[in-house]
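Student: I am new to this structure and would like a close look at a single part of it. Please take me through that part step by step.

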Amino acid sequence: MKGGGGGLPAKRRWKGPLVVAVLGLVFLSMLVPLIFLLGQHNNAFHSTIGHGAQQRNAAPSVRVYDQHVVTDERNHSKVDQSAHMDDVIRRLAPTIPKDFGNSSVKKTDINGSPVQVDTHKPVKKNTETLVRDNTSKNITDADENEMICELKFGSYCLWRKEHREKMQDSVVKRMKDLLFVARAYYPSVAKLPALDKLSQEMRQNIQDFERVLSEATTDKDLPPQSEKKLTKMDAAIAKAKSCHVDCNNVDKKFRQLVDLTEDEANFHMKQSAFLYKLAVQTMPKSLHCLSMRLTVEYFKSSLDIEQNLDEKFVNPNLYHYIIFSKNILASSAVINSTVVHARESEKQVFHLLTDTENYFAMKLWFLRNTYGDAAVQVLNIEDLKLYNHHKGAPLHLSLPEEFRVSFRRVDKLTSTTQIKTEYLSMFSHSHYLIPKIFQNLEKVVVLDDDIIVQRDLSALWNLDMGGKVNGAVQFCALKLFHLKNYMSSSGIDYNSCAWTSGVNLIDLSRWRTRNLTEKYQRLVQEMSRDEGLSETTTLSASLLTFQGLVYDLEESWILSGLGHNYGIDLEALKTAAVLHFDGSMKPWLDLGIPMYKSFWKKFLNQQNQFLNDCNINQ
């Protein structure tokens with residue numbers, strides 16, 4: 001009995017603690033996921049706060065972005081595909097400008113408002129997404145979305161807006177809308193036994209719609225009974241709306257569907273922007289064909305294709321133009337348009353610097369094609385034995401850099417906020433080798449390969465620059481003040497204006513006297529010491545190198561924006577001295593702005609056999 005009596009109390013002693021333990025485990029099993037979710041929420045919340053604080057602590061008027069690359073977003077997408085697309089776009093970045101087409105990049109800013117510098121190579125500093133400030137309340141949602149799109153994806157948004165088609169296939173669109181609503185109501189209806197018949201009807205309609213939409217993307221693809229299906233779905237949704245269902249569940253389902261739709265839309269936006277940038281950066285098939293055919297022909301030719309023009313190439317009394325380019329057609333159009341409008345073509349001497357890959361094709365092209373009495377010298381920059389001053393490695397060709405700069409400002413008259421985006425062209429590293437390459441020349445004009453000349457440029461040679469080194473069109477909407485956080489140098493005049501390349505008159509004698517090449521290289525080395533070399537470094541170093549040494553050319557010399565601005569007046573195009581196709585939509589690309597292409601194409605030789613064979617004149 002003692003044993004039996006001792007057993008019963010033991011059971012009583014353990015029964016209470018056992019129940020408590022079980023309840024405790026159940027409670028913990030519910031609490032742990034809750035804590036985890038709250039922790040995730042708090043992390044997201046704090047990361048958002050930190051992100052905003054970081055931007056507030058940054059330069060008060062500057063935001064730097066990667067132009068030909070989507071900005072480095074710290075908040076990863078919920079969708080794995082979207083995150084992967086971000087990564088692919090980032091990898092594509094390093095080679096676009098001239099472009100965000102491209103092997104160079106360009107842009108601008110104003111009164112203490114955020115500035116966006118857009119580049120093809122990843123920007124090392126402040127690659128944060130623009131945060132809307134209080135002044136943005138006056139911007140309509142549609143306009144603001146367009147602005148933010150351009151900030152993030154660059155000229156792709158301009159191209160998309162211009163080529164947006166009107167909504168067609170209204171029946172398909174309506175079916176998708178009804179399917180969206182039916183999916184939101186169906187889970188709530190299916191939970192109510194009294195509505196079993198309606199839930200079956202809705203399920204059948206949803207399945208029918210999904211089957212039809214999986215096979216039809218346009219109204220023409222829809223089966224004959226589509227109108228009946230629409231009527232049935234309309235009736236089912238009307239019944240569901242009249243029933244007493246849990247509104248919170250419907251709302252929750254709607255939110256889920258909206259989130260999924262937004263994720264899908266964002267993914268397709270990034271995918272489209274990626275494909276646009278790929279098209280902008282990739283050499284068109286026709287141009288690749290031309291380069292390959294010319295290269296093969298160069299090595300097949302048994303003729304003496306060399307010309308003895310050494311005397312003209314070093315004669316300082318002639319008009320010397322320098323062009324950096326990898327594009328045969330682009331450089332040919334620049335030279336042809338310049339010579340056509342020159343009063344004395346025999347005085348025109350062009351020095352075309354390219355790389356090994358394009359050297360032989362360009363050499364044959366410019367030996368077989370004449371441009372009035374002008375002389376054309378093709379140089380391979382990699383054969384000039386020039387070296388990186390601090391790395392000791394051979395220097396390679398770099399083309400003019402194009403920066404896309406967006407800035408926010410408040411219109412004092414209307415108190416509305418505006419975000420404007422401009423393109424700013426800037427010299428690249430190769431430009432600072434000009435005094436060493438052309439040691440016998442005292443004055444030159446540097447031309448970008450994305451321009452067309454429409455007036456005689458000889459007046460440039462008679463300008464008195466008053467001791468200045470670089471004759472350029474200045475852009476005072478962007479001042480050094482806006483880039484002060486990226487200029488780790490003393491003695492800066494922050495009121496100095498930015499200047500743009502395209503057409504630049506250079507006094508090489510004063511350049512050498514002031515050791516500007518060494519100054520630029522020193523600035524680049526200082527600025528890249530901590531953050532590494534970036535496009536921002538190139539921009540800042542170039543602006544500081546020529547600070548106080550820029551002679552302001554009249555704006556009438558050059559009309560910019562033909563590579564991104566759809567709204568340029570045609571009369572202004574006809575009267576401008578120089579047209580600059582700065583931006584991503586270059587005239588030799590299919591994505592080029594159609595209304596401006598004719599100004600460029602008319603300087604191509606339509607009868608050239610190589611162009612016809614490669615379908616360039618199509």
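Student: Which strands does helix H12 lie across, and at what angle does the helix run to E5?

Tutor: The model is a predicted one. In it, helix H12, made of residues 356–368, lies across E4 and E5. The angle between helix H12 and E5 is about 160 degrees.

Those two strands belong to an open sheet of 7 strands with mixed pairing. The order across the sheet is E5-E4-E3-E8-E11-E10-E12. Strand E5 (375–380) and strand E12 (550–552) are the edge strands, each pairing on one side only. On average, neighbouring strands of this sheet are turned by 35 degrees against each other, direction ignored.

At the E5 edge, strand E4 (residues 348–354) runs parallel to E5, and 6 bridges join the two. Within this pair, Phe-350 stands opposite Val-376 in E5. Another helix, H11 (residues 328–340), also packs on the sheet. Helix H11 touches strand E3 (319–324), E4, E5 and strand E8 (443–447). The direction of helix H11 makes about 170 degrees with that of E4.

Further along the sheet order come E11 and E10, and a disulfide can be found there. Cys-476 and Cys-497 form this disulfide, with their sulfur atoms 1.9 Å apart. The torsion about its S-S bond is about 100 degrees, so the disulfide is right-handed. Cys-476 lies in strand E10 (residues 470–479) and Cys-497 in strand E11 (residues 497–507), so the link ties together parts that are 21 residues apart in sequence. Cys-476 counts as partly exposed, at 43% relative accessibility. Cys-497 has a relative accessible area of 18% and is buried, because buried means under 20%.

The count of disulfides comes to 2. The other entry joins Cys-289 to Cys-614, with an S to S distance of 2.1 Å. That link is left-handed, with -70 degrees about the S-S bond. Cys-289 lies in helix H9 (residues 285–300) and Cys-614 in the segment after helix H19 (609–613), so this pair ties together parts that are 325 residues apart in sequence. Cys-289 is partly exposed at 21% relative accessibility, whereas Cys-614 is buried at 4%.

To return to the starting point, helix H12 lies across E4 and E5, and E5 is an edge strand of the sheet.

How values were computed: Residues numbered from 1 in each chain as written. Predicted model: local features only at pLDDT ≥ 70, side-chain atom pairs only at ≥ 80, totals over all residues. Heavy atoms only, no water. Pairing = 2+ DSSP bridges. Helix = DSSP H or I, 4+ residues; strand = E, 2+ residues; numbered from the N terminus. Axes fitted to C-alpha atoms, helices over the stretch in contact; angles between N-to-C directions. Contact = heavy atoms within 4.5 Å. Disulfide = S-S within 2.5 Å. Buried < 20%, exposed > 50% of the residue type's maximum accessible area, 1.4 Å probe, protein only.
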